[in-house]
Amino acid sequence: MWNLFVLTHLVFGSVSQDSTINPEFADRLSSIYRHSIPLTSVNELKGMIMNQGVRILDAREDDEFSVSHIRHARHVGYIWFDMRSIYDIPKSDTLVVYCAVGNRSERIGEKLQKAGYRHVYLLFGGLYEWVNQGNPVYNSHDIQTTEIHIYDQNWSRWLEKGCPVY
């Protein structure tokens, strides 16, 4: 299945092969993604952030976002997602969408593409992989935290760092 992971990235996204991601986690992600949105890796997103050339959208629910999120991410939600929440973002901007692992954010990315956004990417592995690679997350008071809201008990096994919140 690891070959499927590499092939997926060559065909569907620009994710460079990242040896830090758990191969079983990568295989699981590749099996649930529709591969409708180009992928980006945690390292690629960090580079985009440093160059200030990206808008980060969090496609989780309010309670998840308030526990922790990537700093400067805009909460757009999933169940109640509304295009009006991003009306001020030019369609030429680069957008990276994430959720816990990427399933919900891929659906939001599809909506963004249909609305005319041309540079939409899915963060491969979502917030779990962001944290697994040792990157900081912040709560609703902009205080760094180790807490991560667990969307689904079955997926919690893939969170290798941080403190799960159920």
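**View 1. Two cysteines of the predicted model, C99 and C163, in their surroundings**. C99 is buried, its relative accessible area being 2%, whereas C163 is partly exposed, with a relative accessible area of 39%. In this predicted model, a search of the whole structure returns 0 disulfides. A disulfide is, in general terms, a covalent bond between the sulfur atoms of two cysteines.

**View 2. The chain as a whole, with its helices and strands**. The chain contains 6 helices and 9 strands, and buried residues account for 51% of its 166 residues. When contacts between residues at least 6 apart in sequence are considered, 68% of them join residues at least 24 apart. The area exposed by the chain is about 8400 Å², of which carbon and sulfur atoms supply 51%.

**View 3. The open sheet of 5 strands**. The strands are arranged in the order β1-β5-β4-β2-β3, and their pairing is parallel. At the edges lie β1 and β3, each of which pairs on one side only. Strands of a sheet pair, as a rule, through backbone hydrogen bonds, in either a parallel or an antiparallel manner. Beginning with β1, this strand pairs with β5 in the parallel sense over 2 bridges, and T40 has L123 in β5 as its bridge partner. Strand β5 is also joined to β4 by 4 bridges, the two strands running parallel, and here the bridge partner of V97 is L122 in β5. Towards the other edge, β2 and β3 pair in the parallel sense over 2 bridges, with L57 standing opposite R74 in β3.

**View 4. Helix α3 and the elements that cover its buried residues**. Helix α3 comprises residues 42-50, and V42, L45 and M48 within this helix are buried. These three residues lie on the same side of α3, because they cover an arc of only 115° around the axis. An α-helix has 3.6 residues a turn, so residues three or four places apart point the same way. The cover over the buried residues of α3 includes the strands β1 (39-40), β2 (55-58), β4 (94-98) and β5 (119-123), together with helix α6 (126-132). Just after α3, Q52 adopts a positive phi of about 55°.

**View 5. I49 in helix α3 and its contacts**. I49 belongs to helix α3 and, at 32% relative accessibility, counts as partly exposed. If residues up to four places away in sequence are not counted, I49 touches V54, I56 and W130. The C-alpha atoms of I49 and H72 are separated by 9.7 Å, while the two residues are 23 residues apart along the chain.

**View 6. S68 in the loop between α4 and β3**. S68 is located in the loop that runs between α4 (62-67) and β3 (74-75). At 0% relative accessibility, this serine counts as buried. The side chain of S68 reaches the backbone oxygen of E147 at 2.7 Å, and E147 is also listed among the residues that S68 touches. Leaving aside residues up to four places away in sequence, S68 touches R60, L127, V137, Y138, N139, T145, E147, I148 and H149.

Conventions:
Residues are numbered from 1 along each chain as its sequence is written. This is a predicted model: local features need pLDDT of at least 70, side-chain atom pairs count only at pLDDT 80 or more; totals for chains, interfaces and linings use all residues. Side-chain values use heavy atoms; hydrogens and water are left out. A disulfide is a pair of cysteine sulfur atoms within 2.5 Å. Buried means under 20% relative accessible area, exposed over 50%, partly exposed in between (1.4 Å probe, protein chains only). The arc is that of the directions from the helix axis to the C-beta atoms. Contact means heavy atoms within 4.5 Å. Accessible areas come from the Shrake-Rupley method with a 1.4 Å probe; for residues, only the protein chains shown count as cover. A polar contact is a pair of N or O atoms within 3.5 Å; within protein, one must be able to donate a hydrogen and the other to accept it, and residues adjacent in sequence count only if both atoms are side-chain atoms. Two strands pair if DSSP finds at least two bridges between them.
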